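Me: Could you take a close look at the salt bridges here and walk me through them slowly? I'm in my first year, so please spell out the terms.

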Amino acid sequence: MYENYYGFKEKPFQLSPDPRFFFASSHHQRALSYLQYGLDQGEGFIVITGPIGTGKTTIARNLLNQIGDESIVAAQLVTTKLDPQELLALVVSEFHIECKGDSKADLLQAIEQFLISLNKQGKRALLIVDEAQNLPSETVEELRMLSNFQLDNKPLIQSFLLGQEELKPIIQAPNMEQFRQRIIASAHLKPLSVEEVKEYINHRLHQAGCNRENLFSDSAFELIHEKTLGVPRKINIFVDRLLLFGFLEELDAITTEAIMNVAEEMEVELTGSLNSSELKSQEPAQQVVVNSVENVENIKEVLREVEEILESSIKQKVKMARYVDKLLKHKSKLYAEQNIEP
């Protein structure tokens, strides 16, 4: 891989959230501060929203990584469309609570006994609900009911909700007034600015042990921002591909030409990292009149597009073959060096 070529200790742009690579933009730092504030308060709900790929899960992982307080027992749910009872069952599972039955009454009783047991140990529960926009309103209301578990006027469980922008209308619905009154802080994440994209990329490169200066020029950062719209997840996908391209082409620096080449390749792929346009609905196929000049020209145009896609695919396979060949040569060289007698 390109790690050795560019002097990295590890891949700097992995998709899986890693607290070590957390970058605190102004929006992300504010959201993290709200989460920490809510954690210190020990009550109410904290709601963090933002578009896909803006780092909501990364913030949650970073918060959990920073929690040094052994009195907090945390669990994180990544939800699907759960009804209230399914949510309770998942809470029981994630907190490893023993439950005698699977009825809603059994689940609630087991959760309450668990929370009271934590309180007697001087501990409290923290529930982080990721992808909360998938929850029906009645399930969000069930979360509010869980917050009613108290002992000596102190709540026994606290919940953080992280979700895409679709979470907002759920919470803003007229029947969610009681839930809204329990929210003590909320934040909305936004894509990174051009300057933040530069800081974000350099931060991750530094964390990966990069010792090269000017691997990306200022114009390159501007172009990366243009292609990714400043969305961290898209940046990770795109820059990872750029570094692979740079390795295959033996580039000392990532140029604007390289960025345009990679962007062109990715626009015809299925990654979805750069193509933000929606797929058009497919209308029923109509009968084609072959002897129509207009239809013949349309067919020719389609064939030209297919040819371009196939050509791009072939080029990519050639590059991957070159990469594998280079990797095998590198491995063979290392093996030979290891077996040289001193």
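Reply: Here is a walk through three of the salt bridges, one pair after another. First, the ground rules: this is a predicted model, where local features need pLDDT of at least 70 and side-chain atom pairs count only at pLDDT 80 or more, while totals for chains, interfaces and linings use all residues. Residues are numbered from 1 along each chain as its sequence is written, and side-chain values use heavy atoms, with hydrogens and water left out.

A salt bridge is a side-chain nitrogen of Lys or Arg within 4 Å of a carboxyl oxygen of Asp or Glu, and the structure holds 7 of them. Take glutamate 10 and arginine 20: their closest N and O atoms are 2.9 Å apart. Both sit in the loop between α1 (2-6) and α2 (26-41), 10 residues apart. (Helices are DSSP runs of H or I, at least four residues, numbered from the N terminus.) Arginine 20 has a relative accessible area of 42%, so it's partly exposed; that label falls between buried (under 20%) and exposed (over 50%), using a 1.4 Å probe and protein chains only.

Now for aspartate 240 and lysine 11, whose closest N and O atoms are 3.3 Å apart. This pair links distant parts of the chain, 229 residues apart: aspartate 240 is in helix α11 (residues 232-248), and lysine 11 is in the loop between α1 and α2. Lysine 11 is partly exposed, at 26% relative accessibility.

Finally, glutamate 177 pairs with arginine 180, with 2.6 Å between the closest N and O atoms. Both belong to helix α8 (residues 177-180), 3 residues or about one turn apart. Glutamate 177 is partly exposed at 36%, and arginine 180 is partly exposed at 26%.

Technical notes:
Helices (H or I, at least four residues) and strands (E, at least two) are DSSP runs, numbered from the N terminus.
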